[in-house]
Amino acid sequence: MVQTSGQHFLHIPGPSPIPDRILRAISAPIIDHRCEEFARLGRIVLDGIKTVFNTQHPVMIYPASGTGAWEAAIVNTLSPGDKVLMVETGHFAMQWRHMAEKWGIEVDLIPGDWRHPVNPQTIETRLHEDKSHSIKAVMVVHNETSIGATSAIDKVRKAIDGAHHPALLMVDTVSGLGSIEFRHDDWGVDVAVACSQKGLMMPPGLGIAALSPKALAASRQNKMPRSFWDWSDMIKANELGFFPSTPATNLLYGLREALTLMHEEGLSNVYARHKRLAAATRAAVRGWGLEILCLDEEAHSPVLTAVLMPEGHNADHFRQIALKSFDISLGMGLSKVAGKVFRIGHLGSCNDLLLMGALAGVEMSLKVAGVPHRAEGLIAARDHLTATLSCQV
């Protein structure tokens, strides 16, 4: 490999770049995970992560990926043969579907075109039709990174309530938590699944799930086998700041620092920053004359922007040119949109100049790759960022 100078620009939709303060926190000497010092750490992160979910109820932290937290959600609330309602928003909604089916869950899927978020009305209609209440859960993706669209979870809850249906509301906010405001209790979410390597600015390795009393009640009645994922074991140990099995100790040090960083900035400021950078990115894409994959203006993701390549140009070939020419990593298109889409991540520890550097890399790569475009993207992004500065001099 040829050693390049300067900074690698990591602009995929996660893992996101890790701030130095978090890296230093993770590098601390490991300690006994049964000692009182660890218990203090455990209580800090278990209480601290609740502030990001906006919940007063238990939050599980597993040494796992978001996929592990998905599995924990299924095996703790559902039984083989249960039916759930899902919406095909994109790749990750379909991944959750496949996992549920492996556990013997029947999935009633509302099809989608991979360009729009969840339509709450279709959920309400389907639940109205379920007179016997055979649907045990509605499972939706909050921020679908494969298409760059965010669904309104509060409206999904209103749809469930509007149908007077008892189904659990289970939400994948793997790529949303820490970048998009999430109100677990206010929105009536029963299980919200997340991870460490997106908006929380951490390495991969923590699977996180916020619960409701209704979800906990379901976990005491369902018949799915589980051991490592059992919420009851986790809750009992967490009460004292401990975990039932060996935790990812040093990642918890990093999580403590990540939560500190987010609160120093202010959570509302974190979310506003993500929206502003996303808007600048969309301005750049339109300035290039390219098409944004998400067609719903109200649903554009603050986490990433998915860009359609012009006809006759392969997105993966373009990404390879960008990496080789300018040392920038862009997200690939997944499954149905593979080769058709590249994705620009603007989440986590990202600011104006980092974003402008990334967009410069994209614009230069479009020229090198011979992709038809207008050289107006950087100007459009610059104008948006300067016009929306919060501290004008």
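Is Phe-228 buried, partly exposed or exposed? Phe-228 is partly exposed, and its relative accessible area is 40%. That value comes from a predicted model, as do all the others in this report.

## The chain as a whole

The chain holds 13 helices and 14 strands. Its radius of gyration is 21 Å, close to the 21 Å that the globule rule gives for 393 residues, so the chain is as compact as a globular protein of that length. Along the principal axes, the C-alpha trace spans about 60 × 55 × 45 Å.

Of the 393 residues, 58% are buried. Contacts reach along the sequence. Among those between residues at least 6 apart, 73% join residues at least 24 apart.

The accessible surface comes to about 16500 Å². Carbon and sulfur atoms account for 55% of that surface. As for charge, there are 37 positive and 40 negative side chains. The centres of these two sets lie 1 Å apart.

## Aromatic pairs

How many aromatic pairs does a search of the whole structure find? The search finds nine. One of them joins Phe-228 and Trp-229. Their ring centres are 4.8 Å apart and their planes meet at 75°, so this pair is edge-to-face. The cut-off for that label is an angle over 60 degrees. Phe-228 is partly exposed. Trp-229 is buried, with a relative accessible area of 16%.

Phe-318 and Phe-342 make a tilted pair. Their centres are 4.8 Å apart, with 45° between the planes. This pair links distant parts of the chain. Phe-318 sits in helix α11, residues 315–326. Phe-342 sits in strand β14, residues 341–345. The two are 24 residues apart. Both are buried.

Phe-38, Phe-242 and Phe-243 form a cluster, linked by ring pairs.

## Backbone exceptions

Most residues other than glycine have a negative phi, and most peptide bonds are trans. Three places in this chain depart from those habits.

The peptide bond from Gly-14 to Pro-15 is cis, with omega near 0°. Pro-15 lies in the loop between β1 (9–11) and α1 (20–26).

Trp-114 is not a glycine, yet its phi is positive, near 65°. Its place is the loop between β4 (106–110) and α5 (120–129). Trp-114 is buried, at 4% relative accessibility.

Met-201 is not a glycine either, and its phi is positive at about 65°. This residue is found in the loop between β9 (191–195) and β10 (206–211). Met-201 is buried too, with a relative accessible area of 7%.

## Three partly exposed residues

The table sets out three residues, their places and their accessibility.

| Residue | Place | Relative accessible area |
|---|---|---|
| Ala-152 | loop between β7 (149–150) and α6 (153–162) | 30%, partly exposed |
| His-313 | loop between β12 (304–308) and α11 | 26%, partly exposed |
| Asp-233 | helix α8 (residues 231–238) | 41%, partly exposed |

Why does His-313 count as partly exposed? Partly exposed covers the range between the buried limit, under 20%, and the exposed limit, over 50%. His-313 stands at 26%, so it falls in that range.

Which residues does His-313 touch, leaving aside its neighbours within four places in sequence? The contacts are Gly-339, Gly-370, Val-371 and Pro-372. Glu-124 is a different matter. His-313 and Glu-124 are 189 residues apart along the chain, and their C-alpha atoms are separated by 40 Å.

Asp-233 can be treated likewise. With neighbours within four places in sequence left aside, Asp-233 is in contact with Ser-227 and Pro-244. Ser-245 lies 12 residues from Asp-233 along the chain. Their C-alpha atoms are separated by 9.4 Å.

Ala-152 offers one more distance. Ala-152 and His-142 are 10 residues apart in sequence. In space, the gap is 7.3 Å, C-alpha to C-alpha.

Conventions: Residues are numbered from 1 along each chain as its sequence is written. This is a predicted model: local features need pLDDT of at least 70, side-chain atom pairs count only at pLDDT 80 or more; totals for chains, interfaces and linings use all residues. Side-chain values use heavy atoms; hydrogens and water are left out. Helices (H or I, at least four residues) and strands (E, at least two) are DSSP runs, numbered from the N terminus. The radius of gyration is taken over C-alpha atoms; the globule rule is 2.2 Å times the number of residues to the power 0.38. Buried means under 20% relative accessible area, exposed over 50%, partly exposed in between (1.4 Å probe, protein chains only). Contact means heavy atoms within 4.5 Å. Accessible areas come from the Shrake-Rupley method with a 1.4 Å probe; for residues, only the protein chains shown count as cover. Lys and Arg count as positive and Asp and Glu as negative; His and the chain ends are not counted. The place of a charge is taken as NZ of Lys, CZ of Arg, CG of Asp or CD of Glu. Rings of Phe, Tyr and Trp (its six-membered ring) pair if their centres lie within 6.5 Å; planes under 30 degrees apart count as stacked, over 60 as edge-to-face and the rest as tilted.
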